[in-house]
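Trainee: I should be grateful for a close look at a single part of this model, set in the context of the whole chain. Please take one helix and explain how it is placed among its surroundings.

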Amino acid sequence: MSDRQLRDEVTTLYLAGHETTANLLSWTFYALHRRPEVIARLQEEIDRELPASLPTLDDLKRLKYARMVLSEVLRLYPPAWTIARNVVEDDEICGYRVPGGAFVLLSPFISHRLEEYWPDPERFDPERFAPQSGKARHPFAYFPFSAGPRVCIGKHFSLFEAQLILSMILREFRFQVIDHSRIGYRAVSTLRPDRPIRVRLTRR
Ligand code: HEM
């Protein structure tokens with residue numbers, strides 16, 4: 001690698017790897033705060049599966065419900081809400097003419113709300129990601145990490161990271177979102193909440 005490429009690779013890793021997972025966790029607390037039944041099930045799983053020490057990768061793999069919850073948060077609040085591509089040559093996709101040189105935006109935020117793939121799309125429901133339940137779904141109905149050769153390199157890392165942080169917080173604390181009014185979207189390079197999501201923690 002040239003020095004320039006090395007710098008660019010490191011910058012990409014920092015930028016792509018930091019804010020995305022941070023947003024995922026912020027939205028997770030927001031999505032959970034009015035769903036005591038989901039929090040109770042998460043805490044039951046954590047108490048059952050996690051050792052008192054620092055969890056290992058194998059421990060995290062047993063947190064299946066936590067993974068379902070995070071997947072559902074990534075459906076409704078995909079931090080990479082839009083993915084851009086330059087079209088190299090004229091093409092036709094599903095009857096749409098796509099001219100060479102055009103700039104195409106794919107949006108997980110929109111696709112993840114298409115009624116034909118996601119019944120009652122605005123409803124937060126981790127059961128959509130229960131084992132087997134996605135088998136019949138179109139493979140590109142859900143792409144929070146993009147897909148194909150440029151799929152997110154941090155896909156598995158970020159899910160383990162989020163699972164680790166979420167489970168360690170919920171193992172020790174109850175939480176309460178302080179300001180209950182609706183949080184809006186701030187869709188910039190990532191999908192941010194339009195104001196901070198403040199949470200009060202109390203020991204369990
Ligand atoms: C919830 C967390 C994350 C989400 C939603 C996410 C989403 C994405 C998406 C959609 C892309 C494809 C962008 C495109 O094709 O234009 C991407 C690429 C990338 N992501 Fe992530 N990402 C996350 C976490 C991470 C983490 C933790 C790292 C690094 C440790 C990371 C590193 C990268 C890199 C380096 C690329 C560029 C890969 C390439 O172009 O070949 N991401 N990410």
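Mentor: Let us take helix α4, whose buried residues pack against α1, α2 and α6. Please bear in mind throughout that the model is predicted.

The setting comes first. The protein chain has 6 helices and 8 strands, and in sequence order these follow the pattern α-α-α-α-β-β-β-β-α-α-β-β-β-β. The C-alpha atoms fill a box of roughly 60 × 45 × 35 Å along the principal axes. Of the 204 residues in the protein chain, 20% are buried. Among contacts with a separation of 6 or more, 68% join residues 24 or more positions apart.

Now to the helix itself. The 13 residues of α4 should span 18 Å at 1.5 Å a residue, and the end C-alpha atoms are 19 Å apart, so the two values agree. The buried residues in α4 are A66, M68, V69, L70, E72, V73, L74 and R75. As a general point, an α-helix has 3.6 residues a turn, so residues three or four places apart point the same way.

Several of these positions belong to the largest nonpolar core, which has 20 residues. The members that touch the most others there are L24, A66, V69, L70 and V73. Two or more residues of this core come from each of α1 (3-32), α2 (36-49), α4 (64-76) and α6 (155-172). The greatest contribution is that of α4, with 6 residues. In soluble globular proteins, nonpolar side chains tend to be buried together. Within α4, V69 offers a specific example: beyond residues up to four places away in sequence, V69 touches V38, L42 and P126.

E72 deserves separate attention, as a charged residue in helix α4. E72 counts as buried because 21 other C-beta atoms lie within 10 Å, where the cut-off is 20 or more. Leaving aside neighbours within four places in sequence, E72 is in contact with F124, D125, P126, R128 and F129. P126 is thus touched by E72 and also by V69. A further relation across the sequence links E72 with H112: they are 40 residues apart along the chain, and their C-alpha atoms are separated by 9.8 Å.

One of the partners of α4, helix α1, leads on to the ligand. The 30 residues of α1 should span 44 Å at 1.5 Å a residue, and the end C-alpha atoms are 44 Å apart, so expectation and model agree. Buried in α1 are T20, N23, L24, W27, T28 and L32, and what covers them includes α2, α4, α6 and β7 (191-193). L24 is one of the core members that touch the most others, whereas T20 is among the closest residues to the ligand.

The ligand is surrounded by 19 residues, and the closest are A16, G17, T20, C152 and G154. At least two residues of this shell come from each of α1 and α6, and α1 supplies the largest share, 7 residues. By class, the shell comprises 11 nonpolar, 7 polar and 1 charged residues.

In short, α4 gives the most to the largest nonpolar core, with its buried residues packed against α1, α2 and α6, while α1 gives the largest share of the shell around the ligand.

How values were computed:
Residues numbered from 1 in each chain as written. Predicted model: local features only at pLDDT ≥ 70, side-chain atom pairs only at ≥ 80, totals over all residues. Core = buried A, V, L, I, M, F, W, Y, C linked by C-beta atoms within 7 Å. Buried ≥ 20, exposed ≤ 12 C-beta atoms within 10 Å, placed from the backbone. Helix = DSSP H or I, 4+ residues; strand = E, 2+ residues; numbered from the N terminus. Contact = placed C-beta atoms within 7 Å. Near = placed C-beta within 6 Å. Expected span 1.5 Å × (residues − 1).
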